[in-house]
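Here's a quick briefing to read with the structure open beside you. Have a look around first, then work through the notes by topic.

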Amino acid sequence: MVKELKMDCDLAIEYVMNNVKIGDRLELSYNRVFTPGEVLNIDNSIYNGKKGAKVLIHILEEILTSSVEVDLEEIKDDLIEVHHIPKNNGDEIILIIDKCDIK
């Protein structure tokens, strides 16, 4: 089953930080980048006085096998869509980013 949710970028980041677990599949679409893979770590520490929302993803592609760390707070203005497929539950959640208020 696939659920589509429309939300702004801040709510999407909040969703990822609260619902995505290590081992889940996460596909991020931002700017002109597509990052599909398995979540290796999630970090919401404070960096230089700013809240971080870092996700370490092992890229699941045939040509490229690597890991990449994406700070969702840094790319939130460019975030377009997030696909979340939990490891223990086959339901796919698609977050469609409706807007991101630039401050």
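**The pocket first**

Y47, N48, K50, K51, G52, K54, D71, E73 and E74 line the largest pocket. Sort that lining by class and you get one nonpolar, two polar and six charged residues. Keep in mind that this is a predicted model, with a mean pLDDT of 89 for the protein chain.

**More on the pocket**

- The space in the largest pocket comes to about 170 Å³.
- Two elements, strand 5 (50–51) and helix 2 (72–75), each give the lining at least two residues.
- Y47 is part of the lining, and residues 46–47 make up strand 4, the element with the lowest mean pLDDT in the chain, at 80.

**How far to trust the model**

- pLDDT is 70 or more for 95% of the residues in the protein chain.
- At the top end among the elements sits strand 8 (residues 79–85), with a mean pLDDT of 95.

**Overall layout**

- The protein chain has two helices and nine strands.
- Going along the sequence, the order is β-α-β-β-β-β-β-β-α-β-β.
- For 103 residues, a compact globule would be expected to have a radius of gyration near 13 Å, and the protein chain agrees with that because its own value is 13 Å.
- The C-alpha trace spans about 35 × 30 × 25 Å along its principal axes.
- Of the 103 residues, 41% are buried.

**Strand 1 and helix 1**

- M7 belongs to strand 1 (residues 2–7).
- Is M7 buried or exposed? M7 has 14% relative accessibility, and the cut-off for buried is under 20%, so M7 counts as buried.
- M7 and D98 are 91 residues apart along the chain, yet their C-alpha atoms are separated by 5.4 Å.
- Helix 1 covers residues 9–19, and its buried residues are C9, A12, I13, Y15, V16 and M17.
- A bit of general helix geometry goes with that list: an α-helix has 3.6 residues a turn, so residues three or four places apart point the same way.
- What caps the N-terminal end of helix 1? The cap is D8, which has a side-chain oxygen 3.2 Å from the backbone nitrogen of D10.
- D10 itself is in helix 1, and with a relative accessible area of 30% D10 is partly exposed.
- From D10 to E27 is 17 residues along the chain, with 17 Å between the C-alpha atoms.

**Strand 2 and the loop after it**

- E27 sits in strand 2.
- A charged residue by class, E27 has 13% relative accessibility and therefore counts as buried.
- E27 and I57 lie 30 residues apart in sequence, and 9.1 Å apart in space when taken C-alpha to C-alpha.
- Strand 2 runs over 25–30 and strand 3 over 33–43, and the loop between them holds N31.
- The backbone of N31 is worth a click: its phi is near 50 degrees, a positive value in a residue other than glycine.

**Strand 3**

- T35 is one of the residues in strand 3.
- With 4% relative accessibility, T35 counts as buried.
- Which side chain does T35 contact? T35 and Y30 are joined through their side chains by a polar contact of 3.3 Å.
- D43 is also found in strand 3.
- Why does D43 count as buried? D43 has 19% relative accessibility, and buried means under 20%, so D43 makes the cut.
- Between D43 and L56 there are 8.3 Å from C-alpha to C-alpha, for 13 residues along the chain.

**Before you close the viewer**

- For the pocket, remember the tally of one nonpolar, two polar and six charged lining residues.
- For the fold, the picture is two helices and nine strands, with 41% of the 103 residues buried.
- For the pair M7 and D98, the figures to keep are 91 residues along the chain and 5.4 Å between C-alpha atoms.

Conventions
Residues are numbered from 1 along each chain as its sequence is written. Side-chain values use heavy atoms; hydrogens and water are left out. pLDDT is the predictor's confidence in each residue, from 0 to 100. Helices (H or I, at least four residues) and strands (E, at least two) are DSSP runs, numbered from the N terminus. On a 1 Å grid over the protein atoms alone, a cavity is a set of points where a 1.4 Å probe fits but cannot get out, and a pocket is an open set with protein on both sides within 12 Å along at least five of seven lines; lining residues have an atom within 4 Å of a point. Grid points are joined across faces, edges and corners, and a volume is the space filled by probe spheres set on the points. Buried means under 20% relative accessible area, exposed over 50%, partly exposed in between (1.4 Å probe, protein chains only). A polar contact is a pair of N or O atoms within 3.5 Å; within protein, one must be able to donate a hydrogen and the other to accept it, and residues adjacent in sequence count only if both atoms are side-chain atoms. The radius of gyration is taken over C-alpha atoms; the globule rule is 2.2 Å times the number of residues to the power 0.38.
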